[in-house]
Every structure is written in structure tokens, then in C-alpha cells.
Amino acid sequence: MGHEFYRELAQQARDLAERADPFTRQRLLKLAGSYDVKGGNLARSPRPTERPLPIPRTTPPASIFSGPGEAG
């Protein structure tokens, strides 16, 4: 579908978001952002920057194994 089609859908979602409750507003703005991406308008995407999750540890930190008072 054309880029203009997705831009119009994004604008419609933003218009609805102005009158929606906070939960629905957040979801509509996220939807509008995805339409912006499909429409080729990346600069307007209101999506906040997300932090990546930390990498899970495969071994416990070294501080657990060292220090005074350990039973031998």
C-alpha cells in the first residue's frame, strides 16, 4: 500500500489518542508510530528509546566466593 495511506492512518490514530484515556492513548500513539515506519516517516515516530535488558549472568559474581569469614 502507498506511503500516504499509512501516514493518514497514523494521523487518525493520533487524533483518536487526543480524546482517549491514558492507557488507550499510549497504545494508539504506539500504533501511529508503527504506521509512520510503514509510511516511511521515521522522524515522526513518538516511540521512546528503550533500554536493552541486561545480559543474564552465567556465573555468580566473584564477591560471593571471596572474603573473610568463609567456611572452608
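This report walks through the helices, aromatic rings, nonpolar core and salt bridges of a predicted model.

## Helix 1 and its buried face

Let's start with helix 1, which covers residues 3–18. At 1.5 Å a residue, its 16 residues should span 22 Å, and the C-alpha atoms at its ends lie 23 Å apart, which agrees with that expectation.

Which residues of helix 1 are buried? They are Y6, A10, A13, R14 and A17. Looking down the axis of helix 1, you will find these buried residues within an arc of 100 degrees, so they line one face of the helix. Their packing partner is helix 2 (22–38).

## Aromatic rings

How many aromatic pairs are there? The count comes to two. One of them joins F5 and Y6, whose rings meet edge-to-face, with 5.4 Å from centre to centre and 75 degrees between the planes. The two residues are worth viewing side by side: F5 is partly exposed, at a relative accessible area of 38%, whereas Y6 counts as buried, at 16% relative accessibility.

Y6 also pairs with Y35: the ring centres are 6.1 Å apart and the planes stand at 35 degrees, so this pair is tilted. Since Y6 belongs to helix 1 and Y35 to helix 2, the pair ties together parts that are 29 residues apart in sequence. Y35 is buried as well, with a relative accessible area of 19%; the cut-off for buried is under 20%. Taken together, F5, Y6 and Y35 make up one aromatic cluster.

## The nonpolar core

Two of those tyrosines turn up again here, as the largest nonpolar core consists of five residues: Y6, A10, A13, A32 and Y35. Helix 1 and helix 2 are the elements that give two or more residues to this core, and helix 1 provides the largest share, with three residues. As a general background, nonpolar side chains tend to be buried together in soluble globular proteins.

A10 is a handy place to look at how the helices meet. What does A10 touch, once its neighbours within four places in sequence are left aside? Its contacts are A32, Y35 and D36. Of these, A32 and Y35 are fellow members of the core, while D36 takes part in a salt bridge with R14.

## Salt bridges

The structure holds two salt bridges. In general, side chains of opposite charge can pair when their charged atoms come close.

One bridge is formed by the side chains of R7 and E4, at 3.7 Å from N to O. These residues are three apart in helix 1, which means that about one helical turn separates them. Both ends of this bridge are partly exposed: R7 has a relative accessibility of 36%, and E4 has one of 46%.

The other bridge brings together the side chains of R14 and D36, at 2.3 Å from N to O. This pair links distant parts of the chain, with R14 in helix 1 and D36 in helix 2, 22 residues apart. Are its two ends buried or exposed? R14 is buried, and D36 is buried too.

## Bringing it together

Several features link helix 1 with helix 2. The buried residues of helix 1 pack against helix 2, the tilted pair of Y6 and Y35 has one ring in each helix, and the salt bridge of R14 and D36 likewise joins helix 1 to helix 2.

How values were computed:
Residues are numbered from 1 along each chain as its sequence is written. This is a predicted model: local features need pLDDT of at least 70, side-chain atom pairs count only at pLDDT 80 or more; totals for chains, interfaces and linings use all residues. Side-chain values use heavy atoms; hydrogens and water are left out. Helices (H or I, at least four residues) and strands (E, at least two) are DSSP runs, numbered from the N terminus. The expected span of a helix is 1.5 Å times one less than its number of residues. Buried means under 20% relative accessible area, exposed over 50%, partly exposed in between (1.4 Å probe, protein chains only). The arc is that of the directions from the helix axis to the C-beta atoms. Contact means heavy atoms within 4.5 Å. Rings of Phe, Tyr and Trp (its six-membered ring) pair if their centres lie within 6.5 Å; planes under 30 degrees apart count as stacked, over 60 as edge-to-face and the rest as tilted. A nonpolar core is a set of buried Ala, Val, Leu, Ile, Met, Phe, Trp, Tyr and Cys residues joined through side-chain atoms within 4.5 Å. A salt bridge is a side-chain nitrogen of Lys or Arg within 4 Å of a carboxyl oxygen of Asp or Glu.
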